[in-house]
Amino acid sequence: MRFIKLAFTFSVLLYVNTAFAQQKTIAAKVEALLNKMTLDEKVGQLNQYNGDWEATGPVTKDVGNKLDAVKQGKVGSVLNIMGTEHTRKFQQAAMQSRLKIPLLFGQDVIHGYSITFPIPLAEAASWDMPAMERSARVAATEAAAAGINWTFAPMVDIARDPRWGRVMEGAGEDPYLGSLIAGARVKGFQGKGLGNTDAVMACVKHFAAYGAAIGGRDYNSVDMSKRTLWQTYLPPFKAALDAGAATFMNAFNDLNGTPATGSSYLQRDILKGQWGFKGFVVSDWNSIGEMIPHGFVKDNYEAAEVAIKAGSDMDMESRAYINNLAKLVKDGRVPVTLVNDAVRRILTKKFEMGLFDDPYKFINPEREKATMNKPENIEAARDMGRKSIVLLKNEKQLLPLSKELKTIALIGPLSRERWYLKGAWSTDVDPNENVVTIEEGIHNQAPGAKILYAEGCKIKDSVATDFKEAVETAKKADVVIMAVGEDIFMTGEARSKANIHIPGVQEDLIKAVVATGKPVVVLLMAGRPMVFNWTAEHAPAIVYTWWLGSQMGNSVADVLFGNYNPAGKLPMTFPRSEGQIPIYYNFLNTGRPAQGDNDTFYRSSYIDAPNTPQYAFGYGLSYTTFSYTNISISKTAIKKTESLTVSFDLKNTGNTAGEDVAQLYIRDMVAQPLRPVKELKDFKKVMLAPGETKRITFTINKEKLQFYNDNLQLITQPGEFKLMIGAASNQIKLEKTFQLTN
Ligand code: NOJ
């Protein structure tokens, strides 16, 4: 035993020493190269251009031939170039530059590359870290085989406003859940570490607070206290950093009057200072140049000065650095040491990835061909898809459906849709035929059933159409499945909406079909929480499917026919109306918390709407039921250096095996400053056979009790804490209190 321990300690030491030695050699190599570089070549490393054929932002057409610029050493990275053929062309150009510094190839590999996985918000509903890590791993493996070595993901912006189109890219509203997911995704993308041919650099974005854009309008201002920034918006970034994220991207928004891209507070003080980040920061697309329309600087010369001083290392598509930075140094406005620091950070990553040893390391057509669309990865996408589905309603256990059904009516504009199922920010490298539609998924599971189809209406139809065909079709069937929701252009960047109801007249179509009295299952597809009050009240079964990617039809059918028992839980609150937004579960109590509808002066709610959401954070049903009983707590008082445990029995009280996500919320009853009425602090996703009981234990320690005071110090305050355990933020089943004594 002692020998094993010694051997273990020795190998850990060896590993640490080797890693340290490698870092030291890389540092020496970087310095040697830096010493050879002219100022212009240094600035070139800080410049990133969009590739030639695809754009993910407003294109600037003034740059001339980009390959020539690469040959002249004026480019450190390109984005939006996919595939070994194209990346090779650019890397060959880089190898013709004086110092032959390899290029980085960046791409928004957000939820899959060739195989599309569920949109990130959907995946977040799985509360399943290994599954999300695997999803990112598959995406990285495919992308890295196609010449890409850097993904602009994960997006870790906390979002409490479903009007914002980019909620689909993140993990929802909660800092605790969001932090775990951020870490899992970084690990998935970076795999066993940079230097491996299946690892891409992660880029954590958008630093910071982009998700709090006022009114949910993309790119908009953010105004928030530093305490809220630290308490709610920064934790997922820190978690991503702790997981080893190689790069960060700054953001379009201003934060309290300073554009994030020009914010030394964010990039130098917090990220590179307090957090000790050693990687590099890339700007968002033209976000350096956009400090001009923000009204923060008067021209690109000033923009470049502000951005480099603030800690933005690489300029994506502004041309602010390439056109001004050398002059700024010569004019004495920017010390060359700042430029050196940025170049050093970028070169270090290029060395760490082994690009100097082999610039074509990621550019291998055989590997590209062999890696895409592997059956086991397609299966992983299908599994991730069904894990992401949230069952919202299931009256009289309408679901799961029998595979022996004779006639199924499939109604709605998304029934036969293929491309939209991939959701926004899919790379579209696979032909659309690779996507399984809802109709195909149903047919695969119930091949004996006759599927009657009616479109009913188009997604955007705004005037009541004649639903006769849909109604007649429904009447002929044993069961009706409706596929309705948004289209692919309704979420994603620059796709905020003021009206987040199910678009067009689709809810009228649901009404007409439900009125037939047939059993109706509504599948809701969207990249955000939608509003659908009538459906919530009257449709017998509702399945929130989001966008699940290439395997969507199969994943949905797995749930519909009971091959898989749904266990997804909402990562974002679903409002009853847009007027309730922003809406989130971990709010502060007012001095007059809502008591009841008749207490006029105690009504801190609206006079025309309750405060409660349609569906709460953490909510989601299963085909089985669970009970929470026998809570016990190990101590009723602890000091802040101590910990306690709280345990309970989770039982599957139904007839089907299933998983529940048991959630632990904490409330600090009296605190200055105030603490939320509930904060998620832990959870466990547990699989139980019918009748099976498992005893679940959560540990509570200082980390779970501390919070930021107004001086941004993490503190705990003595007093009473309430522990709440349940199946959703609004389904608390067990409670206990304890005292924190000091
Ligand atoms: C702008 C988006 O905000 C960012 O998330 C993305 O990575 C870049 N464009 C590059 O496409």
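How many cavities of 30 Å³ or more does the count come to? In this predicted model, the count comes to five. The largest cavity has a volume of about 90 Å³. It is lined by 14 residues. T56, D108, D284, W425 and E493 are the closest of these to the cavity centre.

Strand β14 spans residues 479-485 and is mostly covered, with seven of its seven residues buried. Burial extends to both faces of the strand. One side carries V479, I481, A483 and G485. The other carries V480, M482 and V484. Two strands pair with β14. Strand β12, residues 407-411, runs parallel to β14 and is joined to it by four bridges. Within this pairing, I411 stands opposite M482 of β14. Strand β15, residues 520-525, is also parallel to β14, here over six bridges. V480 has V520 of β15 as its bridge partner. M482 and V480, named in these two pairings, belong to one and the same buried side of β14.

A separate description applies to β17, β19 and β22. These three strands form an open sheet in the order β17-β19-β22, with antiparallel pairing. The edges are β17 (626-633) and β22 (693-700), each of which pairs on one side only. Neighbouring strands are turned by 25° against each other on average, direction ignored. In general, strands of a sheet pair through backbone hydrogen bonds. Between β17 and β19, residues 644-652, there are six bridges, and the two strands run antiparallel. F626 of β17 has N652 of β19 as its bridge partner.

N652 also takes part in a side-chain contact. Its partner is T624, which lies in the loop between α21 (552-560) and β17. The side chains of T624 and N652 are joined by a polar contact of 2.5 Å. T624 counts as buried because its relative accessibility is 6%, under the 20% cut-off. Beyond its neighbours within four places in sequence, T624 contacts N565, N652, G654, N655, T656 and G658.

Helix α4 covers residues 84-94, and its buried residues are T84, T87, F90, Q91, A93 and A94. In an α-helix, residues three or four places apart point the same way, since there are 3.6 residues a turn. The elements covering the buried residues of α4 include two helices, α3 (66-71) and α15 (365-371). Strands β2 (77-79) and β3 (104-107) are also among them.

Where does P120 lie? P120 is found in helix α5. P120 is buried, with a relative accessible area of 3%. Its C-alpha atom is separated by 6.2 Å from that of M168, although the two residues are 48 apart along the chain. With residues up to four places away in sequence not counted, P120 touches I110, H111, M168, E169, G170 and R185.

S126 follows in the loop between α5 (120-124) and α6 (129-144). Is S126 buried or exposed? Its relative accessibility is 0%, so S126 counts as buried. The S126 side chain reaches the backbone oxygen of E123 at 2.6 Å. Leaving out residues up to four places away in sequence, S126 touches M132, M384, K387, S388 and K685.

Note on methods: Residues are numbered from 1 along each chain as its sequence is written. This is a predicted model: local features need pLDDT of at least 70, side-chain atom pairs count only at pLDDT 80 or more; totals for chains, interfaces and linings use all residues. Side-chain values use heavy atoms; hydrogens and water are left out. Two strands pair if DSSP finds at least two bridges between them. Axes are lines fitted to C-alpha atoms, for helices over the stretch in contact, and angles run from 0 to 180 degrees between N-to-C directions. Buried means under 20% relative accessible area, exposed over 50%, partly exposed in between (1.4 Å probe, protein chains only). A polar contact is a pair of N or O atoms within 3.5 Å; within protein, one must be able to donate a hydrogen and the other to accept it, and residues adjacent in sequence count only if both atoms are side-chain atoms. Contact means heavy atoms within 4.5 Å. On a 1 Å grid over the protein atoms alone, a cavity is a set of points where a 1.4 Å probe fits but cannot get out, and a pocket is an open set with protein on both sides within 12 Å along at least five of seven lines; lining residues have an atom within 4 Å of a point. Grid points are joined across faces, edges and corners, and a volume is the space filled by probe spheres set on the points.
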